[in-house]
Amino acid sequence: MSILGNTLSKKTASAETGTPMLTPEQVVDQLRALRTQIPEFVQLPNNRELKQIKRLARVNVDFAREAMNAVGASDIVQNVIGNTPDELHQAEDEVARWTAVETELRSMLRGVVAANLVRRHRIGHAALQAYNVSRQLVRQEDHANLLPHVETMSRLPRYGRRRLKPPAAPPADPTKPADPAKPPVTPSPIKPS
């Protein structure tokens, strides 16, 4: 419960400090505006091209630095590559700086996910309390108006849907002919010793 208590106290503390809290819509608008200002921001499709990009992005750092040295040592290599050693070193530095942004965004996403979990907890806790109190009150005639709600809640699952397991494959029928696409399995002959 301390996490929930801390969340609620942070809410009131932020109101006391005068820091304006953003609505979800305002956060989305700001994120979209920020996205337009990030150089080379792109969404990549999950296909062969992405696999190729990921493979080349994993080139060993020492190997890449030695390649940069080769670019600096030969004008021909530099002309073929189309980049100077300074440009490559600058790109390497840029990757390191944007990695810090990547880490911070992951941390922010984790915090937003946690905040939504706390919100869902708060709603779930209140819903279960309302059900339990209503169930007790409905026993008295004064609160008969709660009866349809209690009946509906008691028919509904209290927690999220269970994931259904995929149906098990039916056992092979020995009377059926084998699949023609699969070659028949023949036992290997036993060699006498």
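Glu102 and Arg106 sit four residues apart in helix α6, so about one helical turn separates them. Their side chains meet in a salt bridge, with N to O at 3.1 Å. This is a predicted model, and its structure holds three salt bridges. Helix α6, which covers residues 85-137, comes up again and again below.

**Salt bridges**
- In the Glu102 and Arg106 pair, Glu102 is partly exposed at 40% relative accessible area, while Arg106 is exposed at 55%.
- Arg97 and Asp93 also pair up through their side chains, at 3.8 Å from N to O.
- Arg97 and Asp93 are four residues apart in helix α6, which means about one helical turn lies between them.
- Arg97 counts as exposed because its relative accessible area is 57%, over the 50% cut-off; Asp93, with 41%, is partly exposed.
- Arg65 bridges to Glu92, and their closest N and O atoms are 3.0 Å apart.
- That pair ties together distant parts of the chain, with Arg65 in helix α4 (residues 61-73) and Glu92 in helix α6, 27 residues apart.
- Both ends of this bridge are partly exposed: Arg65 has 40% relative accessibility and Glu92 has 24%.

**A nonpolar patch on the surface**
- Trp98, Val101, Leu105, Met108 and Val112 make up a nonpolar surface patch, and together they have about 430 Å² of accessible area.
- Leu105, one of the patch residues, belongs to helix α6.
- Leu105 is partly exposed, because its relative accessibility of 44% falls between the 20% and 50% cut-offs.

**Ser134, a buried residue**
- Ser134 is also part of helix α6.
- With a relative accessibility of 12%, Ser134 counts as buried, because the cut-off for that is under 20%.
- A polar atom of the Ser134 side chain lies 2.7 Å from the backbone oxygen of Ala130.
- Leaving aside residues up to four places away in sequence, Ser134 touches Leu146 and Val150.

**The whole protein**
- The secondary structure adds up to seven helices and zero strands, so from the N terminus the elements simply read α-α-α-α-α-α-α.
- Just 6% of the 193 residues count as buried.
- The protein exposes about 18100 Å², and carbon and sulfur atoms supply 59% of that area.
- If you take the contacts with a separation of 6 or more, 35% of them come from residues 24 or more positions apart.

Methods
Residues are numbered from 1 along each chain as its sequence is written. This is a predicted model: local features need pLDDT of at least 70, side-chain atom pairs count only at pLDDT 80 or more; totals for chains, interfaces and linings use all residues. Side-chain values use heavy atoms; hydrogens and water are left out. Helices (H or I, at least four residues) and strands (E, at least two) are DSSP runs, numbered from the N terminus. Buried means under 20% relative accessible area, exposed over 50%, partly exposed in between (1.4 Å probe, protein chains only). A polar contact is a pair of N or O atoms within 3.5 Å; within protein, one must be able to donate a hydrogen and the other to accept it, and residues adjacent in sequence count only if both atoms are side-chain atoms. Contact means heavy atoms within 4.5 Å. Accessible areas come from the Shrake-Rupley method with a 1.4 Å probe; for residues, only the protein chains shown count as cover. Patches are made of residues with over 30% relative accessible area and no salt bridge: like charges are joined within 9 Å, nonpolar side chains (Val, Leu, Ile, Met, Phe, Trp, Tyr) within 5 Å. A salt bridge is a side-chain nitrogen of Lys or Arg within 4 Å of a carboxyl oxygen of Asp or Glu.
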